[in-house]
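Reader: Could you take me through one part of this model up close? Pick a single strand and show me how it sits among its neighbours.

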Amino acid sequence: YGKQWYQRRVRGDWDIPVDRKHIADPGMHSIPSCTISPTGKWLACQSMDNKITVFATQKLRVNRKKVFKGHMVAGYACQCNFSPDSAYLVSGDADGRCFIWDWKTTKVYKRFKAHEGVCGGCTWLPHETSKLLTCGWDGKIKLWD
């Protein structure tokens, strides 16, 4: 094929110059799970780099002050969720643990072993805000007080 084939592939069939760039940002990871806050102001996104990143819903911009770390979710679509009063954020992880973070400080408030295997889902009960439901790959749904 030679040089003529290469020029057609790079420039296209119509001789239009096409720039080819490969952009690899190590900070870009897939987001398998998102949840919106009860106030509708924040969007929490579980990222495959073991962080929960928060976006402002008005302009969909990253809130760099609100990054929640400490859990291991790489490779799993673990759900994150807000408490009904938006004071806490909860998520499961690949080791079966449940993490609760304080919204204001972004520090881990509590962590506990919830399931054998992946803890894929966590949610607060809307009318009994002191209770939490989790589900895991062990096939169990658990209620925590």
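**A close look at strand β6**

Author: Let's go with strand β6, residues 88-92: four of its five residues are buried, so the strand is largely enclosed by the rest of the structure. Buried here means under 20% relative accessible area. Keep in mind that this is a predicted model.

Now for the neighbours. On one side of the chain path you have β5 (residues 80-82), which runs antiparallel to β6 and is joined to it by three bridges. If you want a spot to click on, try Asn81, whose bridge partner in β6 is Val90. Between these two strands of the hairpin there are five residues, and Ser86 takes a positive phi near 60°.

Carry on along the chain and you reach β7 (residues 97-102). This strand also pairs with β6 in the antiparallel sense, this time over five bridges. Here the pair to look up is Ser91 and its bridge partner in β7, Phe99. The link between β6 and β7 is a hairpin with four residues between the strands, and Gly96 in the turn has a positive phi of about 85°.

What about the packing around all this? Phe99, the partner of Ser91, belongs to the largest nonpolar core, a set of 11 residues that also includes Cys80, Phe82, Leu89 and Trp101. The elements giving two or more residues to this core are β2 (42-47), β3 (51-56), β5 and β7. As a general point, nonpolar side chains in soluble globular proteins tend to be buried together.

For a feel of how one core member sits, look at Val54. Leaving aside residues up to four places away in sequence, Val54 touches Trp42, Leu43, Ala44, Arg61, Val62, Asn63, Lys66, Phe68 and Trp103. There is also a second, separate core of nine residues, with Ile100, Ala114, Cys119 and Leu132 among them.

Stepping back to the whole protein chain, you'll find one helix and 11 strands, with the helix coming before the strands as you read from the N terminus. Buried residues make up 33% of the chain's 145 residues. Among contacts with a separation of 6 or more, 32% are between residues 24 or more positions apart. As for the outside, the chain exposes about 9,700 Å², and carbon and sulfur atoms supply 53% of that.

So back to where we began: β6 is largely enclosed, with four of its five residues buried, and it pairs in the antiparallel sense with β5 and with β7.

Methods
Residues numbered from 1 in each chain as written. Predicted model: local features only at pLDDT ≥ 70, side-chain atom pairs only at ≥ 80, totals over all residues. Heavy atoms only, no water. Buried < 20%, exposed > 50% of the residue type's maximum accessible area, 1.4 Å probe, protein only. Pairing = 2+ DSSP bridges. Core = buried A, V, L, I, M, F, W, Y, C linked by side-chain atoms within 4.5 Å. Contact = heavy atoms within 4.5 Å. Areas by Shrake-Rupley, 256 points an atom, 1.4 Å probe, with all protein chains shown as cover.
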